[in-house]
Amino acid sequence: MVGEIMNIENAIQKRYACRSFLTEQITEEQRELLIKAAQAAPVAMGDYSTVKLTVVQNQHLRNMIEQKTAHGMPMMGEHPTYQAPTLFIISVKENAQFPVIPYCNASCMAENIMIQAAALELASVYIMAVPTVMQKKPELLRNEPAQIPNRQAVDIVEASNLNYTVLRPGYLKEGGENDFILSVKGEPAKGYVTTIPSLVKLAVQIILDESLYTRESVSITRRWTKEQGEICE
């Protein structure tokens, strides 16, 4: 236990804001450890459905975020994300009654990620300017960047006369076929992870019954809790 405490203390002291990154991508193991650190962050009332973590490593998407946010605020240059090879974007739901709570939740999650990064001897930086500018860019906010092509395809289908059902799964993992909860378009998704067997089961049901969720957009996920140890990537 003493060794673990010393490692945490060292990581806290070693953390610093880095504004120049190598092009080399972090390993899958490092990425998973950073995600687990985010999952361990305290969230007000333990309501993890109000917080979402999106990991962006695709170079095209990272370039798009930089291009759309460059020079968006004073002191923001051509590369506002400093060309970091991995971006951890923390999204929160607004809280009208207690407006500051979502920002506190995001800050706790960001701190955990950065301390874990320091423990892994990875550089990191906490950026508020980029997400602030992103909020003014509908093309970035309409969906996560990786989902923009999917959203465009859905727009075409929904504008047609087809008898369609749009299924919106989360991050796919193994699990039980009955371990899911549904929400329709206009309702917030109730989780960020979808078990493969549950997605297959629902798809088969819709194929066999054409009246089931006709011309609807349906989200299928597990109800997200910290104990499940899962988060959207």
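What follows is a working chat about one predicted model.

Visitor: Before the details, what is the basis for the numbers?
Guide: The model is predicted, so local features need pLDDT of at least 70 and side-chain atom pairs count only at pLDDT 80 or more, while totals for chains, interfaces and linings use all residues. Residues are numbered from 1 along each chain as its sequence is written, and side-chain values use heavy atoms, with hydrogens and water left out.

Visitor: How many helices and strands are in the protein chain?
Guide: The protein chain has eight helices and seven strands. Both are DSSP runs numbered from the N terminus: helices are H or I with at least four residues, strands are E with at least two.

Visitor: What share of the residues counts as buried?
Guide: Of the 233 residues in the protein chain, 34% do. Buried means under 20% relative accessible area, exposed means over 50%, and partly exposed is in between, with a 1.4 Å probe and protein chains only.

Visitor: And what about contacts between residues 24 or more positions apart?
Guide: They make up 71% of the contacts in the protein chain that have a separation of 6 or more. Contact here is heavy atoms within 4.5 Å.

Visitor: Let's take strand β1. Why is it described as largely enclosed?
Guide: Six of the six residues of β1, residues 51-56, are buried, so the strand is largely enclosed by the rest of the structure. Both faces are covered: V51, L53 and V55 are buried on one side, and K52, T54 and V56 on the other.

Visitor: How does β1 run relative to β2?
Guide: β1 and β2 run antiparallel and are joined by six bridges. L53 has I90 of β2 as its bridge partner. For two strands to count as paired, DSSP has to find at least two bridges between them.

Visitor: V56 sits at the end of that strand range. What is in contact with V56, leaving aside neighbours within four places in sequence?
Guide: L61, R62, P85, T86, L87 and I89.

Visitor: Which residues of the largest nonpolar core touch the most other members?
Guide: F21, V56, I65, L87, I89, V130 and M134, out of 14 residues in that core. At least two residues of this core come from each of α3 (59-69), β2 (87-92) and α5 (129-134). Apart from it lies another core of 13 residues, among them A38, Y48, V55 and A117. A nonpolar core is a set of buried Ala, Val, Leu, Ile, Met, Phe, Trp, Tyr and Cys residues joined through side-chain atoms within 4.5 Å.

Visitor: New topic, helix packing. At what angle do α2 and α4 pack?
Guide: About 145 degrees, with the axes of α2 (residues 28-39) and α4 (residues 101-119) 8 Å apart. Residues making the contact are L33, L34, A37 and A38 of α2 and M109, N112, I113, Q116 and A117 of α4. Axes are lines fitted to C-alpha atoms, for helices over the stretch in contact, and angles run from 0 to 180 degrees between N-to-C directions.

Visitor: What about the sheet with three strands, in what order do they come?
Guide: The order is β3-β7-β5, in an open sheet with mixed pairing. β3 (165-169) and β5 (181-184) are the edge strands, each pairing on one side only. From one strand to the next the twist averages 25 degrees. Helix α8 (residues 196-208) packs on the sheet and touches β3, β5 and β7, its direction making about 175 degrees with that of β3.

Visitor: How many bridges do β5 and β7 have?
Guide: Four, in the antiparallel sense, with β7 covering residues 216-221. I181 stands opposite T221 in β7. Side chains alternate along β5: I181 and S183 point to one face and are buried, while L182 and V184 point to the other and are not.

Visitor: How many disulfides turn up in a search of the whole structure?
Guide: Zero. A disulfide would be a pair of cysteine sulfur atoms within 2.5 Å.

Visitor: Why is C104 not bonded to C108?
Guide: C108 holds the cysteine sulfur closest to that of C104, but the distance is 6.8 Å, too far for a bond. C104 counts as partly exposed at 39% relative accessibility, and C108 does too at 26%.

Visitor: Last one, backbone angles. What is phi of H71?
Guide: Near 60 degrees, a positive value in a residue other than glycine. H71 is in the loop between α3 and β2 and is exposed, with a relative accessible area of 57%. Q83 lies in the loop between α3 and β2, and its phi is positive at about 55 degrees although Q83 is not a glycine. Q83 counts as partly exposed, at 48% relative accessibility.
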